[in-house]
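Work through the exercises below with the sequence and the 3D view open. Try each task before you read its solution.

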Amino acid sequence: MRTLNAAIRAAFFLVAVALLMASFLMLQASAAEAPAAAQAEPQQTLTEPTAEQVAALEKLMNRATMVGHFTVTGEEGRGGAGGKLTEERYELGEVKRLESGHWLIQSRIRYGDHDVTIPLTLPIRWAGDTPVICVDDMMIPGLGTFTARVMIYRGHYAGFWTGKDHGGHLFGVIEPAKEE
């Protein structure tokens, strides 16, 4: 009887060791497959715009007016924590893509007490079919230094901005140039 108990215990021990080894090998195989699976998932990448996309953005933005609102995060009464929205208005002149890939945008920027007319050279990157204005610590005379990401899609714009010591969101519509 004692020999039988020892044999049963030994068999259980061997089964337990075999299960542990199988589990370890399966975990090791899963870990090896994880990077390959991650690479197989499509990555969102920045793309070079097609000639049609460039032409469509130039047509949409040329002499258009961007009318909307901005918020100041965390500031009562200015869009933060349920406060009011502040109106903004960007009256655009000629908009064209430069050979460098940046865009020249003649702009009249109006918000709050500010009213500035200035030519801006801005990088616009593309996420698939969507242009995104990408500004990093850009000095805008008369207004200050800003960082922003502003997406343009189907006649609307939306994004995030930061200034020296504040930031928030902005959004609105793009009103096409009036036919003359």
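**Exercise 1. One helix, two sides**

Task: Which residues of helix H2 are buried, and which are exposed on the other side?

Solution.
- Step 1. Val54, Leu57 and Met61 are buried in helix H2, which spans residues 51-61. Buried means under 20% relative accessible area, exposed means over 50%, and partly exposed lies in between (1.4 Å probe, protein chains only). Helices (H or I, at least four residues) and strands (E, at least two) are DSSP runs, numbered from the N terminus.
- Step 2. Look down the axis of H2: the buried residues fall within an arc of 70 degrees, so they line one face of the helix. The arc is taken over the directions from the helix axis to the C-beta atoms.
- Step 3. Recall the geometry: an α-helix has 3.6 residues a turn, so residues three or four places apart point the same way.
- Step 4. Turn to the other side of H2: Ala51, Glu52 and Lys59 are exposed there.
- Step 5. Go just past H2: Arg63 takes a positive phi of about 60 degrees.

Before going on, note the ground rules. This is a predicted model, in which local features need pLDDT of at least 70 and side-chain atom pairs count only at pLDDT 80 or more, while totals for chains, interfaces and linings use all residues. Residues are numbered from 1 along each chain as its sequence is written, and side-chain values use heavy atoms, with hydrogens and water left out.

**Exercise 2. Strand S6 and its partners**

Task: How many bridges join S6 to S7, and how many pair S5 with S6?

Solution.
- Step 1. Place S6 at residues 130-140; eight of its eleven residues are buried.
- Step 2. Take strand S5, residues 114-127: S5 and S6 pair in the antiparallel sense over four bridges. Two strands pair if DSSP finds at least two bridges between them.
- Step 3. Find a facing pair: Ile124 stands opposite Ile133 in S6.
- Step 4. Check the S5-S6 hairpin, which has two residues between the strands: Gly128 takes a positive phi near 65 degrees.
- Step 5. Move to strand S7, residues 144-153: seven bridges join S6 to S7, and the two run antiparallel. Cys134 stands opposite Arg149 in S7.
- Step 6. Check the S6-S7 hairpin, with three residues between the strands: Gly142 in the turn has a positive phi of about 85 degrees.

**Exercise 3. Charged pairs**

Task: How many salt bridges are there, and what does the pair of Arg97 and Glu48 tie together?

Solution.
- Step 1. Apply the rule: a side-chain nitrogen of Lys or Arg within 4 Å of a carboxyl oxygen of Asp or Glu. The count comes to six salt bridges.
- Step 2. Take Arg97 and Glu48, whose side chains meet at 2.6 Å, N to O. Arg97 lies in strand S3 (residues 86-97) and Glu48 in the loop between strand S1 (46-47) and H2, so the pair ties together parts that are 49 residues apart in sequence.
- Step 3. Compare exposure: Arg97 is partly exposed at 28% relative accessibility, whereas Glu48 is exposed at 57%.
- Step 4. Take Glu91 and Arg108, with closest N and O atoms 3.6 Å apart. Glu91 is in S3 and Arg108 in strand S4 (residues 102-111), so parts 17 residues apart in sequence are tied together.
- Step 5. Take Asp136 and Arg149, with closest N and O atoms 3.1 Å apart. Asp136 lies in S6 and Arg149 in S7, so this pair links parts 13 residues apart in sequence.
- Step 6. Trace shared partners: salt bridges join Arg89, Glu91, Arg108, Arg110 and Asp115 into one network.
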